[in-house]
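Here is a short tour of a protein chain for someone new to reading structures. Have the 3D view open and follow along, topic by topic.

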Amino acid sequence: MSALTGVRVVELAHESIALAGKLLADMGADVILVEPPAGDPARHYAPYLDDTPGEDRSLYWWHYHTSKRGVTLDLDDPRDRERFRALIATADILLEAEPRRRLAALGLDYGDLTTVRPDLLHAAVTPYGRNDGKSDRPFTDLTVMAAGGPVWNCGYDDHSLPPVRGPQQGYHTASHFAVLSLLTALLYRNVSGEGQFIDVSMHAACNVTTEAGSYSWLVAGETVQRQTGRHAAVNPSSETQERCADGRHANTGVPPRTPAEFGRLLQWLRELELEEALPEAVFLQMGAEWDGPFDLSRIGRDDAVTAIFGAGREAMKLIASRLPAQDFFVGCQRAGLAAGAVNAPEEAFEDEHFKARGIQVPVSHDELGRTVIYPGAPYRMTGSPWRISRRAPRLGEHNEEVLHDL
């Protein structure tokens, strides 16, 4: 049994909350995706199956709506509004990202719906929250990210290059906050019997994911700067990304910090016959023989500690430059050192380590007579199995089975 088996969610289709609905559905909730009769625009977003546009061929749509059932309702039609109320009466959760006044104008807001489901959990996701007029402005994932701050933190040492963001990163961040809030409210409802209205601000969700960015400014009036492959900081830190022998890159990660780690790194250096190429190798030996804990707070104040720590970083960079990126990564794993190859998405998807963790999941598409490989679970919990129970719904596919009895 999955963690959310027996929980019903009504999701009003919108790209900004699609991931939230997917996370709930893949953990066992019965998520009913409600679309207008013409369908949600995201049904036609690229990329497409076999790079061929067409009906029910959007890989974007497929990914974000696994395990859901789909119905169509025109909320501007009084008859469909009654059907929607009847549907809510059977639901535990309403998840929506509607314009902040729309549901109230239709008589379908939290106060209205609790007359048919008193213990309803209603999560409303808007750009700045339900009570902020800025939520009425047009928005995209890019504007959410830019206003919230994460893009300032993410990018390269060369600031002539634009900042970097992940696909739909702002929407994903807000979706995670919505899911965490709903799960907390669900636990509380199981004890108290009380429903809740949950007001999720995309802006606030993104702003609290800026690491040191926001509080460096609020506390000290200092501005962090983005850096290649490492955390943004007020003061530049040492570069950690190295070009490997095959032209790919690796993040050399966290240098050794314990005598055992220094010893394993030195042994690896010797196995590769690179000890002579690193004058600082003598400090690796000192690190391996260090008595007691290695106090990193003394870097820059204690010459020996500074030299040993620097030698570890230089050794990592040297080895990375002499090996293909994947070999460097595997060698670091063997030596117990935190580092990783920089993979493109398609490379990560085919990585043997990721495959062993179940990143590739076959999903049957009966309408096509074929199986399609999907990205798997974003987490693994032995007591609460995750699974994709079905492909994304076709438009109105479950109208009869969901709406008939209403």
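In this predicted model, strands S9 and S10 run antiparallel to each other and are joined over three bridges. S10 covers residues 249–251, while S9 covers 241–243. The bullets below start from this pairing and then move on to a buried aspartate, the aromatic rings and the chain as a whole.

**A small sheet**
- S9 and S10 belong to an open sheet of three strands, and you can read its order as S9-S10-S11.
- The pairing within this sheet is antiparallel.
- S9 and S11 are the edge strands, and each of them pairs on one side only.
- To find S11, look for residues 340–341.
- For a close-up of the pairing, find Arg 243, which stands opposite His 249 in S10.

**Asp 141 and its surroundings**
- Asp 141 is part of helix H6, which covers residues 141–148.
- Is Asp 141 buried or exposed? Its relative accessible area is 4%, so Asp 141 counts as buried.
- Leaving out residues up to four places away in sequence, Asp 141 touches Arg 165, Gly 166, Gln 168, Gln 169, Gly 170 and Tyr 171.
- With one of these, Arg 165, the side chain of Asp 141 makes a polar contact of 2.3 Å.
- Val 208 is 67 residues from Asp 141 along the chain, and their C-alpha atoms are separated by 16 Å.

**Aromatic rings that pair up**
- How many aromatic pairs does the structure hold? There are five.
- One of them joins Tyr 110 and Phe 197 in a tilted arrangement, with 5.8 Å from centre to centre and 45° between the planes.
- Tyr 110 sits in helix H5 (residues 110–113) and Phe 197 in strand S6 (residues 196–201), so this pair ties together parts that are 87 residues apart in sequence.
- Phe 197 counts as partly exposed because its relative accessibility is 31%.
- Phe 139 and Tyr 171 make an edge-to-face pair, with centres 6.4 Å apart and 85° between the planes.
- Phe 139 is in the loop between strand S5 (121–126) and H6, whereas Tyr 171 is in helix H8 (residues 169–192), so the pair links parts 32 residues apart in sequence.
- The two partners have their own labels: Phe 139 is partly exposed at 27% relative accessibility, and Tyr 171 is buried at 4%.
- You have met Tyr 171 before, as one of the residues that Asp 141 touches.
- Tyr 45, Tyr 60 and Tyr 64 come together as one aromatic cluster.

**Charges over rings**
- The charged end of Lys 134 sits over the ring of Tyr 128, at 4.9 Å from the ring centre.
- Which residue lies over the face of Trp 152? Here the partner is Arg 226, at 5.8 Å from the ring centre.

**The whole chain**
- Stepping back, the chain has 17 helices and 13 strands.
- Its C-alpha trace spans about 80 × 55 × 45 Å along the principal axes.
- The chain has 406 residues, and 45% of them count as buried.
- Among contacts with a separation of 6 or more, 67% are between residues 24 or more positions apart.
- The chain exposes about 20,100 Å², and carbon and sulfur atoms supply 53% of that area.

Technical notes:
Residues numbered from 1 in each chain as written. Predicted model: local features only at pLDDT ≥ 70, side-chain atom pairs only at ≥ 80, totals over all residues. Heavy atoms only, no water. Pairing = 2+ DSSP bridges. Helix = DSSP H or I, 4+ residues; strand = E, 2+ residues; numbered from the N terminus. Buried < 20%, exposed > 50% of the residue type's maximum accessible area, 1.4 Å probe, protein only. Contact = heavy atoms within 4.5 Å. Polar contact = N/O pair within 3.5 Å; in protein donor to acceptor, adjacent residues only side chain to side chain. Phe/Tyr/Trp six-rings, centres within 6.5 Å; stacked < 30°, edge-to-face > 60°. Lys NZ or Arg CZ within 6 Å of the ring centre and 35° of its normal. Areas by Shrake-Rupley, 256 points an atom, 1.4 Å probe, with all protein chains shown as cover.
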